[in-house]
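Q: Hey, could you walk me through a few local features of this one? I'd like to talk helix geometry and aromatic contacts.

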There are 2 protein chains.
Amino acid sequence: MSQWVYRFGGEVREGHAGLRHLLGGKGANLAEMAAIGLPVPPGFTITTEVCRYFYAHERRYPPGLEQEVARALAWLEGLRGQGFGDPERPLLVSVRSGAPISMPGMMDTILNLGLNHETVEGLARVSGDRRFAFDSYRRLVQMYGEVVLGIEARLFEEELAELVAHEGVRRETELSPAALERLVERYLALVEERSQTPFPRDVRQQLWGAIGAVFGSWMNPRAVTYRRLHRIPEDMGTAVTVQSMVFGNLGEDCATGVAFTRDPATGRRVFYGEYLVNAQGEDVVAGIRTPKPLTRAMAEANGAAGSSLEERMPEVFRELERVFATLERHYRDMQDIEFTVEKGRLYVLQTRSGKRTAQAALKIAVDMVEEGLIGREEALLRVDPAALEQLLHPTLDPKAERKVLARGLPASPGAASGRVVFDADEAERRALAGEAVILVRIETSPEDIHGMHAARGILTSRGGMTSHAAVVARGMGKPCVCGASNLLIDYEQRQFTVDGTVVRRGDVITIDGSSGQVMLGEVPTIEPKLSGEFATLMAWADAVRRLKVRTNAETPKDAQTAVRFGAEGIGLCRTEHMFFQDDRIVAMREMILAQDSEGRRRALAKILPMQRGDFVALFRIMGARPVTIRLLDPPLHEFLPFDEEELEAVAAAGGFAVAALKRRLAELKEANPMLGLRGCRLGIVYPEIYEMQARAIFEAALEVARTDGVEVVPEIMIPLVATARELELLRDRVARVAKAVAAEQGRAPRYLLGTMIELPRAALRAEAIARHAEFFSFGTNDLTQMTLGISRDDAVKFLEAYQRAGVFPTDPFQSLDVDGVGELVRMAVERGRRARADLKLGICGEHGGDPDSIAFCEALGLDYVSCSPYRVPIARLAAAQAVLRRDPKWTQSSGSSNS
Amino acid sequence: MSQWVYRFGGEVREGHAGLRHLLGGKGANLAEMAAIGLPVPPGFTITTEVCRYFYAHERRYPPGLEQEVARALAWLEGLRGQGFGDPERPLLVSVRSGAPISMPGMMDTILNLGLNHETVEGLARVSGDRRFAFDSYRRLVQMYGEVVLGIEARLFEEELAELVAHEGVRRETELSPAALERLVERYLALVEERSQTPFPRDVRQQLWGAIGAVFGSWMNPRAVTYRRLHRIPEDMGTAVTVQSMVFGNLGEDCATGVAFTRDPATGRRVFYGEYLVNAQGEDVVAGIRTPKPLTRAMAEANGAAGSSLEERMPEVFRELERVFATLERHYRDMQDIEFTVEKGRLYVLQTRSGKRTAQAALKIAVDMVEEGLIGREEALLRVDPAALEQLLHPTLDPKAERKVLARGLPASPGAASGRVVFDADEAERRALAGEAVILVRIETSPEDIHGMHAARGILTSRGGMTSHAAVVARGMGKPCVCGASNLLIDYEQRQFTVDGTVVRRGDVITIDGSSGQVMLGEVPTIEPKLSGEFATLMAWADAVRRLKVRTNAETPKDAQTAVRFGAEGIGLCRTEHMFFQDDRIVAMREMILAQDSEGRRRALAKILPMQRGDFVALFRIMGARPVTIRLLDPPLHEFLPFDEEELEAVAAAGGFAVAALKRRLAELKEANPMLGLRGCRLGIVYPEIYEMQARAIFEAALEVARTDGVEVVPEIMIPLVATARELELLRDRVARVAKAVAAEQGRAPRYLLGTMIELPRAALRAEAIARHAEFFSFGTNDLTQMTLGISRDDAVKFLEAYQRAGVFPTDPFQSLDVDGVGELVRMAVERGRRARADLKLGICGEHGGDPDSIAFCEALGLDYVSCSPYRVPIARLAAAQAVLRRDPKWTQSSGSSNS
């Protein structure tokens with residue numbers, strides 16, 4: 001027969017931290033603390049098995065439970081020297097939920113069980129505080145009424161408000177004991193009237209009512225939704241902990257507080273916390289009274305010498321120090337503790353791993369290795385890779401005042417201030433003149449790249465986390481706020497309006513790409529300093545990880561940044577970004593407007609030396625590291641102007657006829673550009689383009705080999721392949737260019753040729769495609785778009801509704817949809833390797849910088865991930881964690897093991 | 001050891017028609033004819049195995065081949081009483097290619113081998129025709145020079161032209177024997193000069209040169225491309241047939257001709273053919289002399305009594321009749337024959353199944369069943385389903401004169417004439433006034449539906465075979481020419497220009513949707529008459545097929561047409577088409593412009609009774625047949641006007657503010673509408689829409705049950721589902737509406753709920769999705785777009801280049817891409833059935849009417865296909881063929897078994 005109830009406290013050792021699945025996080029930690037001799041108010045936990053039984057048997061309890069609870073209660077009475085329902089020395093208990101995985105605030109809790117008309121008098125006598133006793137009682141009646149009997153909170157609040165008014169006091173804390181007594185009567189009447197049944201005077205009935213309600217709350221709609229969103233299985237169940245109450249509000253020798261074993265902001269090894277004398281737990285949180293610092297040092301630093309717990313209750317403080325030391329040694333992590341002092345006696349109510357900033361997480365993890373508390377592997381698992389990004393970008397000074405104008409999506413972290421401009425050219429002009437500017441656009445396109453480079457930050461009113469603006473900004477490591485839909489941008493007037501405020505060109509704003517906030521004026525920022533711990537942890541990560549980490553970069557600046565952050569190559573160099581610079585865009589447009597192949601070749605010949613120069617610069621920075629170059633991908637109309645005004649300017653600049661430009665634009669217009677004439681389709685329809693690019697790559701590689709003595713082996717990547725035949729055609733064409741260059745230079749360029757897998761068909765046909773490819777790079781941005789039939793740019797209109805409805809647990813453009821897109825990736829890996837065992841495999845979509853997606857890449861055995869420069873450190877750490885988590889020893893470990 | 005050479009003729013029986021894989025189509029049929037005693041010029045065939053050996057061994061022949069050829073040649077000499085290279089009685093042979101699958105014109109042929117300076121004199125003597133002898137010789141030298149030695153044809157033609165000029169005659173046929181002799185000398189000199197080697201006088205060297213060249217032609221670029229396009233395996237190889245020459249040009253007792261055993265235009269059982277006295281085979285084809293009719297009846301009908309072969313050479317004609325009868329009995333199909341009469345003696349040179357019109361195919365197949373020649377199954381396999389469409393639509397009178405203005409894609413068959421209009425509203429107005437109009441648009445959108453309905457035909461300058469215009473026109477059974485890109489359409493001037501010709505609004509044009517031609521003025525058309533054979537064959541098809549055939553229809557007219565053509569239900573009713581009619585579009589726009597759910601509900605309440613009426617009408621027509629209704633699918637902006645002018649008109653008509661309309665339009669604008677807020681996403685973001693539609697369906701079903709006593713069980717289909725959760729949410733919502741209607745009416749509507757599988761993710765996740773779906777309908781149009789990443793509307797820009805380059809064997813929007821999209825369909829079938837064994841499965845993309853795709857659906861075990869009304873008969877026949885072809889007995893059979 002199962003054991004349904006586990007006791008903790010006194011000499012009993014029935015549970016421990018390892019029984020989380022059975023006792024829930026809270027119950028397991030209480031048992032653990034009790035077991036290692038920490039002062040925990042005793043109690044017992046009813047297991048999650050009871051919860052499962054409860055739901056499998058129409059909300060009935062397993063046979064024997066009642067007896068086990070009765071026995072545990074009797075034991076508790078003995079231990080406390082009190083009696084449950086005893087009018088002389090009443091035992092009060094709390095009943096709390098506690099699931100194996102934390103579901104904060106989703107389920108119910110009831111305190112002060114055990115009070116009725118008789119025991120409340122006993123409590124008043126024992127505590128010597130009648131007010132306290134009746135306040136506790138009225139809280140019980142309200143909580144029980146709400147949680148067990150389903151009476152609306154509002155009704156209780158109305159009664160209370162009425163009484164407060166009637167008594168002529170300002171707030172409930174000023175009510176007299178007699179008034180509270182009357183309030184209890186009113187509450188009891190309310191309960192009876194609403195639930196057609198009186199509040200149970202029988203304390204055992206109270207207890208079982210509370211236990212039933214807490215188990216019942218496992219299936220409340222909130223909890224059900226939360227579980228779906230967090231993929232928590234329904235049959236995990238919750239445990240219920242029944243614990244004897246202790247009170248920090250029984251006089252000046254009582255207190256309550258919260259504490260961290262280290263500073264959660266900096267990670268420094270100092271105690272950190274606050275407390276209040278003669279108060280209840282919720283008073284610390286509620287902010288009615290200002291809590292005092294825990295330590296003398298903190299008190300002195302705050303100019304409040306003498307107010308600390310260390311000074312006021314030195315005995316208790318020393319006891320607390322022992323508790324801290326014990327807990328850290330025991331849990332081997334920084335702990336977040338709630339404690340209560342009842343009449344000079346310390347009780348620990350809860351412990352859990354403390355939340356911390358990225359900086360603190362890093363320092364604590366590295367420090368604890370040095371202290372011998374944990375090993376390097378565990379340290380690596382303690383830091384959330386995504387949080388590292390905070391450390392790399394400038395951030396707003398948290399102390400500065402902010403006037404928030406609007407909110408958008410936090411698309412690319414970091415903060416920036418500058419003058420508003422609405423035009424990429426103007427951004428560039430002003431930046432050259434030394435001004436800081438923020439580029440504000442409805443949305444951006446590749447034509448805005450130079451303006452984005454020039455700007456300090458980018459703000460758009462349309463587009464999601466993976467819109468053009470967001471992706472490019474992240475790539476550049478530039479702050480970006482996207483989809484701030486309240487912004488009404490008027491290009492003609494060169495201003496935007498938001499809730500009546502008009503912001504004109506030249507006005508200064510600040511954007512915070514980490515929070516999505518847009519602020520008027522300049523808000524001071526602080527520059528990041530990378531600590532020694534950062535370098536230490538990265539070195540440990542590099543020693544562990546198997547996946548290589550490359551970067552998506554095409555400018556020398558991005559490439560340099562990425563190398564500085566530890567990138568081991570370029571996984572995606574988007575050559576089209578090289579075509580937008582002033583000197584090239586004219587030739588590019590000439591190419592697009594050309595009537596025939598001959599005309600296109602003439603125009604491309606002008607671009608060739610510039611493109612070759614681009615590659616020479618990149619190869620020099622990357623040295624022997626691999627560089628994957630994607631040939632031209634976007635549809636040609638992206639290189640042409642959009643509106644009438646611009647069109648005339650472009651015609652004038654390039655010497656084109658406006659009519660010809662218009663006609664070509666109309667010809668190139670597409671209903672769905674994402675699914676149009678782009679990628680390798682361009683390479684097949686206009687062979688000259690890829691030929692020029694291949695030539696530029698080969699000539700650059702040979703030049704760098706000659707001048708720098710580095711043998712560069714570029715990886716040429718053909719985008720948007722759907723069929724083996726496309727790749728075969730283009731592979732042959734590239735090979736002909738290589739042959740021609742070899743003949744001219746007397747030295748054959750070495751290179752690899754491969755393809756992006758970014759169409760579902762390519763994944764399905766990977767075996768045939770791999771016969772012509774030396775590498776695959778998963779372009780999971782497009783693969784996600786096609787597989788889900790969702791355009792990144794348009795998704796913002798419904799993705800939020802979708803996440804709310806539980807359709808997507810996370811944004812599939814941020815974290816790979818493992819069930820759908822992931823299956824295609826898995827298939828492509830298997831099939832590709834079937835045709836070519838040594839096929840090189842990488843990922844270059846946005847997902848390459850997402851820790852969950854990196855874990856998936858590790859599981860599939862890819863060779864590398866590639867991500868934007870600022871995500872390289874994240875990827876290095878995530879790749880290490882992915883290796884560690886494949887070891888069952890570490891599977892359960894995680895950086896946020898809260899109860 | 002293999003047998004490399006198979007002889008035919010005389011008493012020898014070495015090959016037969018079943019050895020097509022070894023002897024090629026030509027060789028196998030010659031062997032077969034010889035074997036059944038038909039007068040075939042004797043010869044021998046070198047097998048395809050030799051070809052395979054040839055390519056596996058660096059173009060060397062297998063040991064023993066030379067001896068086998070020598071023996072076969074000796075046998076041939078004996079049989080003919082001639083000698084190869086014998087100056088007295090020279091044997092001449094032809095060397096021809098013949099692959100197991102016909103590759104017409106792809107490989108080479110050489111005639112008259114065996115001539116040199118000595119034998120040509122013999123031939124002159126034996127034939128008594130020196131001119132003939134030297135003409136034959138000069139043809140040999142030219143053919144050998146071109147084919148074996150690779151000399152350009154142009155050089156021979158220049159020599160010939162020079163000589164003709166020099167001799168002072170008008171054409172080569174007037175050259176004297178002596179001049180021809182000089183021509184031979186000039187050709188021989190040319191060959192020696194160009195190839196650095198003299199033309200071989202040794203006839204055995206000639207023979208081996210010719211054999212090598214014909215095997216070599218298997219790998220010429222033309223043939224390689226042809227095989228890739230037709231998916232013919234490279235290692236199939238070609239056979240080479242060496243056959244003794246016979247001549248129809250040795251005098252008035254000689255002739256040559258072609259004949260069909262039945263009339264290939266009508267299918268009537270009459271001999272049909274033409275011949276020329278004293279002529280060579282190519283003369284009949286070349287058209288220099290006008291051939292005479294074969295039979296007396298034909299001659300009399302043509303007013304040329306006395307000219308027929310039947311009259312001129314009665315003996316030969318009777319022999320030919322016997323040949324016809326033997327061949328039809330033997331091959332059990334209408335035959336297309338080439339024959340030659342040499343000095344009163346008949347030779348059959350070739351036989352193959354004759355090409356025929358759809359009408360003839362139908363009649364011949366049904367007649368042959370009645371004649372006991374073939375069974376019903378074989379009759380079903382003899383008719384090409386796609387060709388049936390010719391019979392269903394009006395066609396241009398083939399005798400009428402046509403002035404072709406432009407050409408586009410043959411998007412929807414049939415022909416129509418009418419006045420040019422550029423606007424859907426005008427089309428409707430004029431049609432109501434009784435005018436025939438052709439709607440001419442750059443491209444069409446759902447807003448043009450009423451104009452398309454009103455027009456006789458549709459012409460667009462943009463868009464492919466599966467553009468909106470094409471799909472809708474096919475659904476309506478209306479002629480349509482799409483993507484006529486030469487048309488420059490000017491909406492403002494209300495005219496289009498094509499190659500300088502201006503066609504104005506009101507001018508009459510004719511379009512032929514079967515050929516893609518656009519003609520000025522009215523070209524007379526003929527209405528189709530469905531023959532009794534049509535009904536007979538359809539009944540046989542229905543008895544055989546397993547797949548049900550439904551139709552895609554939403555208007556009563558389409559539904560009625562489809563039922564008349566045998567549709568067994570509606571597989572796709574696109575409800576959005578119901579929203580564009582005048583009375584609804586205003587309410588629809590009101591709904592789109594509404595600020596909140598309440599406003600949307602008010603507008604939808606106006607649409608509800610109309611939509612209910614639509615369904616009542618459909619249910620009445622369909623009776624107990626199943627009807628699948630797809631809830632709203634397109635993005636909402638499709639219901640709003642596009643341009644400024646229209647926008648103002650719409651605002652005025654609906655009483656909307658222009659600014660509000662503009663703002664909403666800007667909000668709804670999408671970069672890639674195909675991947676945007678549409679399908680079930682609309683249903684989730686704006687729940688009111690689907691609720692109204694579900695209500696209209698339920699209320700209509702109950703109404704028809706009440707009034708007509710037919711229990712309608714509508715199938716409600718949720719479009720664009722990517723995740724199980726979407727379907728779960730919407731299934732629950734539809735169920736709530738059903739419950740509400742049941743409560744109101746006291747009777748619960750019965751219905752099925754299912755989804756379209758049109759996103760790759762849906763196919764991958766079919767198991768989870770099927771838990772909420774009673775049926776799947778494969779929306780292979782969108783599934784193809786997503787899987788290949790190709791927008792149907794934009795594909796026209798590169799699909800042709802792609803087909804030319806051999807990337808796609810056929811347009812993947814017409815015939816399902818079995819390797820890519822097909823794998824997803826297969827997966828979805830397997831996974832869906834895993835979750836729900838009785839899942840109903842159908843297909844409703846354009847592919848539902850494509851025979852190859854239907855065969856794939858049969859192989860997967862789908863329950864039904866659904867196609868446009870005019871394709872229903874095609875689908876019925878194709879479904880029957882698909883069943884038959886799964887039986888190995890019929891696998892090899894096909895309607896076009898050419899040699």
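Q: Where is the kink in α32(A) centred?
A: The kink in α32(A) is centred on A:F798 and comes to about 55°. Keep in mind that this is a predicted model.

Q: OK, and what end-to-end distance should helix α32 of chain A span?
A: Helix α32 of chain A covers residues 792–804, which is 13 residues, so at 1.5 Å a residue it should span 18 Å. Its end C-alpha atoms are 18 Å apart, which agrees.

Q: Which residues of α32(A) are buried?
A: The buried ones are A:R792, A:D794, A:A795, A:F798, A:L799, A:A801 and A:Y802. So A:F798, where the kink is centred, is one of the buried residues, given that buried means under 20% relative accessible area.

Q: Nice. What about the backbone just after α32(A)?
A: There, A:G806 takes a positive phi of about 75°.

Q: Switching to rings: how many aromatic pairs turn up in the whole structure?
A: The search finds 40 over all chains. One of them is A:F422 with A:F496, an edge-to-face pair at 6.4 Å centre to centre, with 75° between the planes.

Q: Where do A:F422 and A:F496 sit in the chain?
A: A:F422 is in the loop between β15 (415–421) and α17 (424–432) of chain A, while A:F496 is in strand β20, residues 495–498. They are 74 residues apart, so this pair links distant parts of the chain.

Q: Is A:F422 buried or exposed? And what is the relative accessible area of A:F496?
A: A:F422 counts as buried because its relative accessibility is 3%. For A:F496 the value is 0%, so that ring is buried too.

Q: Got one for chain B? How are the rings of B:F260 and B:Y272 arranged?
A: Their centres are 6.2 Å apart and their planes are at 70°, so the pair is edge-to-face. B:F260 belongs to strand β7 (residues 255–260) and B:Y272 to strand β8 (residues 272–277) of chain B, twelve residues apart.

Q: And how accessible is B:Y272?
A: B:Y272 has 32% relative accessibility, so it counts as partly exposed. B:F260, at 17%, counts as buried.

Q: Which residues form an aromatic cluster?
A: A:F54, A:Y55, A:Y61, A:W208 and A:F215 form one.

Q: Last thing: which ring does A:R550 lie over?
A: A:R550 lies over the face of A:Y864, at 3.9 Å from the ring centre. There is also A:R564, whose charged end sits over the ring of A:F565, 5.4 Å from its centre.

Notes
Residues numbered from 1 in each chain as written. Chains lettered and ligands numbered in written order. Predicted model: local features only at pLDDT ≥ 70, side-chain atom pairs only at ≥ 80, totals over all residues. Heavy atoms only, no water. Helix = DSSP H or I, 4+ residues; strand = E, 2+ residues; numbered from the N terminus. Expected span 1.5 Å × (residues − 1). Bend = angle between axes of the 7 residues up to and from the residue. Buried < 20%, exposed > 50% of the residue type's maximum accessible area, 1.4 Å probe, protein only. Phe/Tyr/Trp six-rings, centres within 6.5 Å; stacked < 30°, edge-to-face > 60°. Lys NZ or Arg CZ within 6 Å of the ring centre and 35° of its normal.
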